[in-house]
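Welcome! Please open the structure in your viewer and get ready to select a few residues with me.

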Amino acid sequence: QVQLVESGGGLVQAGGSLRLSCAASESISRVNAMGWFRQAPGKQRELAARMSGGGSTNYAESVKGRFTISRDNAKNTVYLQMNNLKPEDTAVYYCNAHGYVGTLFGDYWGQGTQVTVSS
């Protein structure tokens, strides 16, 4: 069974940085896309950043220029570097993988990691 495990969340002051990690239990070299979504209290889950299997990226307008998604296939890990954090970035951040993770095709989610930005 595929597992995605996020880490790196926490409490940070506005203007600070955090790096989230998402470790997959199987190879991510053939995924169609991996992404980071976030859900703030009382709001719908939204895409923050996404990377296709070919390496192209797209970001929510609200995080462009501040967040960077990257991946290390050798470690089966995707990262989200978040700089210049703002209170409105406070949310639970979820990792998503779509496509083949190892030999299993599906749409997979991690359990989420809390990011809290204080003003």
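This short tour visits a disulfide, a hairpin and a pocket in a predicted model.

**Stop 1: the disulfide.** Which two cysteines are joined by a disulfide? Select cysteine 22 and cysteine 95: their sulfur atoms are 2.1 Å apart, and a disulfide links them. The structure holds one disulfide. Look along its S-S bond, where the angle is -80 degrees, making the link left-handed. Now colour the strands on either side. Cysteine 22 sits in β3 (residues 18-24) and cysteine 95 in β9 (residues 91-101), so the link ties together parts that are 73 residues apart in sequence.

Next, switch on a surface. Are these cysteines buried or exposed? Cysteine 22 has a relative accessible area of 0%, so it is buried. Cysteine 95 is also at 0% relative accessibility and therefore counts as buried.

**Stop 2: the hairpin.** Stay with β9 and add β10 (residues 104-109) to your selection; the two strands pair in the antiparallel sense over six bridges. To see one bridge, pick tyrosine 100 and its partner in β10, phenylalanine 105. Together, β9 and β10 form a hairpin with two residues between them. In the turn, click on glycine 102, which has a positive phi of about 65 degrees.

**Stop 3: the largest pocket.** Finally, select Arg38, Gln39, Ala40, Lys43, Gln44, Glu46, Ser62, Glu88, Thr90 and Ala91, which line the largest pocket. Its volume is about 160 Å³. Try colouring the lining by residue type: you should find two nonpolar, four polar and four charged residues.

Technical notes. Residues are numbered from 1 along each chain as its sequence is written. This is a predicted model: local features need pLDDT of at least 70, side-chain atom pairs count only at pLDDT 80 or more; totals for chains, interfaces and linings use all residues. Side-chain values use heavy atoms; hydrogens and water are left out. On a 1 Å grid over the protein atoms alone, a cavity is a set of points where a 1.4 Å probe fits but cannot get out, and a pocket is an open set with protein on both sides within 12 Å along at least five of seven lines; lining residues have an atom within 4 Å of a point. Grid points are joined across faces, edges and corners, and a volume is the space filled by probe spheres set on the points. Ala, Val, Leu, Ile, Met, Phe, Trp, Tyr, Cys and Pro count as nonpolar, Asp, Glu, Lys and Arg as charged, and the others, Gly among them, as polar. A disulfide is a pair of cysteine sulfur atoms within 2.5 Å. Helices (H or I, at least four residues) and strands (E, at least two) are DSSP runs, numbered from the N terminus. Buried means under 20% relative accessible area, exposed over 50%, partly exposed in between (1.4 Å probe, protein chains only). Two strands pair if DSSP finds at least two bridges between them.
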